[in-house]
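Let's take a walk through a protein together. Keep the sequence and the picture side by side as you read.

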Amino acid sequence: MDLKNINELIILSKNGNHQALMELFNNYLPFINNFLKTVTNDSYEFEDLKQECYLTLIKCLDKYDDSTYPFTPYYIKSCKNNVYSFIKTNRNICIDHYDFIEDTIDLDSVVVHKLNVDKLKLALANLEPDERRIIIDYFYNNLSLIDMSAKYNLKYITLVKRKNKVLQKLKKQF
């Protein structure tokens, strides 16, 4: 976009033309996106910082005096300064949230649980289809052994023995 067009959009925006303001937003959007990619990789923080850049553009339009210097360098410098300031100010809030999480969640137990779940999935995958079906129906679908014996057309005691045999097989894999 050429300098003459930007100056026209600035004048129109200062006079309350919302469409001109949107065109200015779109004009500086590539700069905003590229700059923010170098500053953060957190998508939530990225959107917050993008909003901060838009607010900075509006503030720069209000304070801009076209007789002193070009608008684009003025905006870029202001935007960078405000983003860095915003990050410094809000980093403590993020740290406080992590401290809260650290106090309430035992990360070690979460990791151990995840590893056990992965190990169990692998062990279940190594079972025969009939054995896997017994475990899934009993433990995950909460079917009683009586219901399962009717479903599989097996005697109750046979099903109990098979379930125990499969559980022993799983225990060996752990």
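Before we start, one term will help: two residues are in contact when they have heavy atoms within 4.5 Å of each other. Please also keep in mind that this is a predicted model.

With that term in hand, look for Phe71. Setting aside its neighbours within four places in sequence, Phe71 is in contact with Ile10, Tyr28, Leu57, Cys60, Leu61 and Tyr64. Phe71 also belongs to the largest nonpolar core, which has 26 residues. Together with Leu24, Tyr28, Leu36, Tyr75 and Val83, Phe71 is among the residues that touch the most other members of this core. Which elements give two or more residues to the core? They are helix H1 (3-14), helix H2 (18-39), helix H3 (43-63) and helix H4 (71-104). Helix H2 gives the most, with 9 residues.

Now step back to the whole chain. The protein has 8 helices and 0 strands, so from the N terminus on, its elements simply read α-α-α-α-α-α-α-α. Of the 174 residues in the protein, 29% are buried. A residue counts as buried when its relative accessible area is under 20%, as exposed when it is over 50%, and as partly exposed in between. The protein exposes about 12,300 Å², and carbon and sulfur atoms supply 56% of that area. What about contacts along the chain? Take the contacts between residues at least 6 apart in sequence: 49% of them join residues at least 24 apart.

Next, let's move along to helix H6, which covers residues 129-140. Here is a small check you can follow yourself. At 1.5 Å a residue, the 12 residues of this helix should span 16 Å. The C-alpha atoms at its ends are 15 Å apart, which agrees with that expectation. Which residues of H6 are buried? They are Glu131, Ile134, Ile135 and Asp137.

Two of those buried residues, Glu131 and Asp137, carry us to another topic: charged pairs. Side chains of opposite charge can pair when their charged atoms come close. In this model the count comes to 3 salt bridges, and we can visit them one by one.

Begin with Arg133, which forms a salt bridge with Asp130; their closest N and O atoms are 3.6 Å apart. Both residues lie in helix H6, 3 residues apart, which is about one turn of the helix. Arg133 has a relative accessible area of 40%, so it counts as partly exposed. Asp130, at 47%, is partly exposed too.

In another salt bridge, the side chains of Lys169 and Glu131 meet at 2.9 Å, N to O. Lys169 lies in helix H8 (residues 156-173) and Glu131 in helix H6, so this pair ties together parts that are 38 residues apart in sequence. Are the partners buried or partly exposed? Lys169 is partly exposed, because its relative accessibility is 33%. Glu131 is buried, because its relative accessible area is 12%.

The remaining salt bridge joins the side chains of Asp137 and Lys151, again 2.9 Å from N to O. This pair links distant parts of the chain, with Asp137 in helix H6 and Lys151 in helix H7 (residues 145-152), 14 residues apart. At 4% relative accessibility, Asp137 falls under the 20% limit and so counts as buried.

Helix H6 has a further feature to show you. Ile136, Phe139 and Tyr140 make a nonpolar surface patch of about 290 Å². Ile136 has its place in helix H6, and with a relative accessible area of 30% it is partly exposed.

Let's finish with two loops. Asn142 is found in the loop between H6 and H7. Its phi is near 55°, a positive value in a residue other than glycine. Is Asn142 buried or exposed? Its relative accessibility is 63%, so it counts as exposed. Asn153 lies in the loop between H7 and H8. Phi of Asn153 is near 60°, again positive in a residue other than glycine. At 69% relative accessibility, Asn153 counts as exposed.

Conventions. Residues numbered from 1 in each chain as written. Predicted model: local features only at pLDDT ≥ 70, side-chain atom pairs only at ≥ 80, totals over all residues. Heavy atoms only, no water. Helix = DSSP H or I, 4+ residues; strand = E, 2+ residues; numbered from the N terminus. Expected span 1.5 Å × (residues − 1). Buried < 20%, exposed > 50% of the residue type's maximum accessible area, 1.4 Å probe, protein only. Areas by Shrake-Rupley, 256 points an atom, 1.4 Å probe, with all protein chains shown as cover. Salt bridge = Lys/Arg side-chain N within 4 Å of Asp/Glu carboxyl O. Patch = residues over 30% accessible without salt bridge, like charges linked within 9 Å, V, L, I, M, F, W, Y side chains within 5 Å. Core = buried A, V, L, I, M, F, W, Y, C linked by side-chain atoms within 4.5 Å.
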